[in-house]
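Welcome, and thanks for taking a look at this one with me. Let's walk through the model below, starting from a single residue and working outwards.

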Amino acid sequence: MKKIGILIFAALFALSGCGDQAGTASEGPVELHISVAASLKDVMEDVKADYEKTHKDVKLTFDFAGSGQIKERVKSGAPIDGVLLASEKDIDDLMSQTTNKQQFARNTLVLIVPKKNAVKTNTQDIAKLLMSLDKIAIGNPESVPAGKYAEETMGSLGVYDELKEELVLASDVRQTLAYVASGNAQAGFVYQTDALISKDVKVLQSVPDGLHSEIGYYSGVVGDTDAPTQARNFLNYMVSETGQKILAEYGFETID
């Protein structure tokens, strides 16, 4: 009888142990929700694949939008663990909601036109070139950094007031690219990295850096995340040798 009792106890103990192990296993990797500037959409596919391969305990989920839109989502308390923004101003506006601010990339603003029926021009003067165009697509300057840089460029050139009625505003830089690629806009301002991914546009001219604010990409950990360590580790990966190499492959300027 005693043997039977011992066997029953041992069986119950083994089942209890299996249950604990199953519970632990079922927890799975930590899920990180990162909100990302739209201009980073393509490169983040490679970032995700590489990071999850080397960090089995983390599963990455991205959403993409204009940096200003992401900023407002963080302020409204959306469940976001970290942000990758295309504007230092937007990350600074989140100083009370984020930590660990760091720059991880740079970019260049370019003026693009559709390859089909492209505007013909003999001038290299960007102001004269802009004045000759109709329907210029830019991101909405209120929420899209690329649009803000475009607005600053036109302001520096003294042509913004004359051109503002010709502007077609997009929700993010990828929509700007789509407007030009489809021919719905005669030209548009996007980042160099965006122009590189489309076979339907060509770069008419790069915009000199002195005509607009510095184009920098910045990351931050959202303060109320449930996984601050994992979020910080991922954002640190973006400035690591591996992260910087992937960014460079997509045409981003890496940090020093």
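In which helix is the place of Gln230? Gln230 sits in helix 10. Before going further, please keep in mind that this is a predicted model.

Gln230 is a handy starting point. With a relative accessibility of 22%, Gln230 counts as partly exposed, because the buried class ends under 20%. Setting aside residues up to four places away in sequence, Gln230 touches Val30, Leu32, Tyr51 and Val58. Along the chain, Gln230 and His55 are 175 residues apart, yet their C-alpha atoms are separated by 9.8 Å.

**The chain as a whole**

Now for the wider view. The chain has 256 residues, and 45% of them are buried. Its secondary structure comes to 11 helices and 10 strands. If you take the contacts between residues at least 6 apart in sequence, 78% of them join residues at least 24 apart.

**Helix 2 and its two partners**

Which helices pack at an angle of about 120 degrees? They are helix 2, covering residues 41-54, and helix 10, covering residues 228-237, with axes 12 Å apart. That angle makes helix 2 oblique to helix 10, and the crossing of this pair is right-handed. On the helix 2 side the contact is made by Met44, Val47, Asp50 and Tyr51, while helix 10 brings Gln230, Asn233, Phe234 and Tyr237. So our starting residue, Gln230, is part of this contact. By type, the contact residues divide into five nonpolar, two polar and one charged.

Helix 2 also meets helix 11, which spans residues 241-249: their axes come within 9 Å and cross at roughly 150 degrees. Helix 2 is therefore roughly antiparallel to helix 11, as the angle is over 145 degrees. Here, too, the crossing is right-handed. Val43, Asp46, Val47 and Asp50 of helix 2 make the contact with Thr242, Ile246 and Leu247 of helix 11. These residues divide into four nonpolar, one polar and two charged. Val47 and Asp50 appear in the contact with helix 10 and again in the contact with helix 11.

**The nonpolar cores**

In soluble globular proteins, nonpolar side chains tend to be buried together. Which residues touch the most other members of the largest nonpolar core? In this core of 64 residues, they are Leu40, Met44, Leu84, Leu130, Phe189 and Phe234. Strand 5, residues 109-114, gives the most to the core, with five residues. Apart from this core lies another, of 10 residues, including Ala65, Ile70, Leu94 and Tyr218.

Phe234 deserves a second look, since Phe234 belongs to the helix 2 and helix 10 contact as well. Leaving aside neighbours within four places in sequence, Phe234 is in contact with Leu32, Ile34, Met44, Val47, Tyr51, Leu60, Phe62 and Leu84.

**Pairs brought together by the fold**

Here are three pairs, with the separation along the chain and in space for each.

| Pair | Separation in sequence | C-alpha to C-alpha distance |
|---|---|---|
| Glu31 and Lys59 | 28 residues | 4.7 Å |
| Gln230 and His55 | 175 residues | 9.8 Å |
| Thr254 and Arg106 | 148 residues | 6.3 Å |

Is Glu31 buried or exposed? Glu31 counts as exposed, at 55% relative accessibility, and is found in strand 1, residues 30-37. Not counting residues up to four places away in sequence, Glu31 touches Lys59 and Asp81.

Thr254 lies in the segment after helix 11. At 32% relative accessibility, Thr254 counts as partly exposed. Beyond four places in sequence, Thr254 touches Arg106, Gln244 and Ala248.

**Two backbone details**

To finish, a look at phi. Asn100 has a positive phi of about 60 degrees although it is not a glycine. Asn100 is found in strand 4, residues 98-106, and is partly exposed, with a relative accessible area of 37%. Lys135 also has a positive phi, near 50 degrees, in a residue other than glycine. Where is the place of Lys135? Lys135 is in the loop between helix 5 (126-131) and strand 6 (136-139).

Key: Residues numbered from 1 in each chain as written. Predicted model: local features only at pLDDT ≥ 70, side-chain atom pairs only at ≥ 80, totals over all residues. Heavy atoms only, no water. Axes fitted to C-alpha atoms, helices over the stretch in contact; angles between N-to-C directions. Helix = DSSP H or I, 4+ residues; strand = E, 2+ residues; numbered from the N terminus. Parallel < 35°, antiparallel > 145°, perpendicular 65-115°, else oblique. Left-handed = near helix turned anticlockwise from the far one by under 90°. Contact = heavy atoms within 4.5 Å. Nonpolar A, V, L, I, M, F, W, Y, C, P; charged D, E, K, R; others polar. Core = buried A, V, L, I, M, F, W, Y, C linked by side-chain atoms within 4.5 Å. Buried < 20%, exposed > 50% of the residue type's maximum accessible area, 1.4 Å probe, protein only.
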